[in-house]
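Here are a few notes for your reading of this model, set out as numbered points. Please keep the structure open beside them as you go.

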Amino acid sequence: MGLFKDDVSGQGLLTDGIEGIEHNILTGRLEDLVNWSRARSMWPATFGLACCAIEMMATGAGHYDMARYGMEVFRASPRQADLMIVAGRVSQKMAPVLRTIYDQMMEPKWVISMGVCASSGGMFNNYAIVQGVDQVVPVDVYAPGCPPGPETLLHAIFTLHASIEDGELLRRRAETGAGAGIEVAQRDGQVPVLIGRS
C-alpha cells in the first residue's frame, strides 16, 4: 500500500510515476549500489611483516570473524585482492616488493596501515626502516597501536567501508592520487606509550 500511495500526501506511484517512490533499493542510484557492494566484498591481501600480523590473523579467526563483513578470504595473489593491510614495519628492502604487490592489485584498491611501525617507523628511527608506508603506497586508513588489537583493526575496516560507500575515496584518488589518510581511534584498551621518553 505504501508503494502506491503515500499516507501523508496522498501522492505515490499511481499519481507521480517513478518520482513518487521514496528513495529505496528499487530507485537507488547505481553508483550507491556499486559502492555499497564494494565495501561489503573486500578481499584483503595479506602483507604481514612483523608482530602486527599476529593481530591481523587473530582478526580473521573465529572470535572476530571477518566473514560477517564479506572479508573471509585473505588472498595470497595480489591480482585477486583489493585491500592491502600493511601489518608491521616496512624495511627499505621490502618497500619495492610492497609497491609491486600494490601495483598488481585490482582497481579500485585500498590500503590500511596497521600499527605505529607501518604508519611512522615506530621505535625504529633508522636508515633500514621506511618512516611511514605512505612514502611507498597511498594510505587510506591508519590503525594506531603497538600492535593494534583486532578491535582497532575492525574499527579501521569499518571506517574504510563508510568512506568507500560515500564515494569520497574514489573522487580523491582520481583527483590527487593520494589515499584518504584517515586516522582512527584505538579501540582495544591499550595505553599509548611514548618510546624513548621519560
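1. In this predicted model, a search of the whole structure finds one aromatic pair. The partners are Tyr69 and Phe158, whose ring centres lie 4.9 Å apart, and because their planes meet at 70°, where over 60 degrees is required, the pair counts as edge-to-face.

2. This pair links distant parts of the chain, since Tyr69 belongs to the loop between α3 (52–60) and β2 whereas Phe158 belongs to helix α6 (residues 150–165), with 89 residues separating them. Are the two residues buried or exposed? Tyr69 is partly exposed at 23% relative accessibility, and Phe158 is likewise partly exposed, with a relative accessible area of 36%; buried would mean under 20%.

3. Turning to the sheet, five strands form an open arrangement in the order β1-β2-β3-β4-β5, and their pairing is parallel. Because β1 (44–48) and β5 (182–183) are at the edges and each has a single partner strand, one side of each is left without a neighbour in the sheet.

4. Helix α4 (residues 95–104) packs on this sheet, where it touches β1, β2 (83–87) and β3, and its direction makes about 165° with that of β2.

5. Within the sheet, strand β3 (residues 110–114) pairs with strand β4 (residues 141–143) in the parallel sense over three bridges. For a residue to locate on screen, take Ile112, whose bridge partner in β4 is Val141.

6. A separate contact with an aromatic ring involves a charge: the charged end of Lys109 sits over the ring of Tyr102, at 4.3 Å from the ring centre.

Key: Residues are numbered from 1 along each chain as its sequence is written. This is a predicted model: local features need pLDDT of at least 70, side-chain atom pairs count only at pLDDT 80 or more; totals for chains, interfaces and linings use all residues. Side-chain values use heavy atoms; hydrogens and water are left out. Two strands pair if DSSP finds at least two bridges between them. Helices (H or I, at least four residues) and strands (E, at least two) are DSSP runs, numbered from the N terminus. Contact means heavy atoms within 4.5 Å. Axes are lines fitted to C-alpha atoms, for helices over the stretch in contact, and angles run from 0 to 180 degrees between N-to-C directions. Rings of Phe, Tyr and Trp (its six-membered ring) pair if their centres lie within 6.5 Å; planes under 30 degrees apart count as stacked, over 60 as edge-to-face and the rest as tilted. Buried means under 20% relative accessible area, exposed over 50%, partly exposed in between (1.4 Å probe, protein chains only). A charge sits over a ring if NZ of Lys or CZ of Arg is within 6 Å of the ring centre and within 35 degrees of the ring normal.
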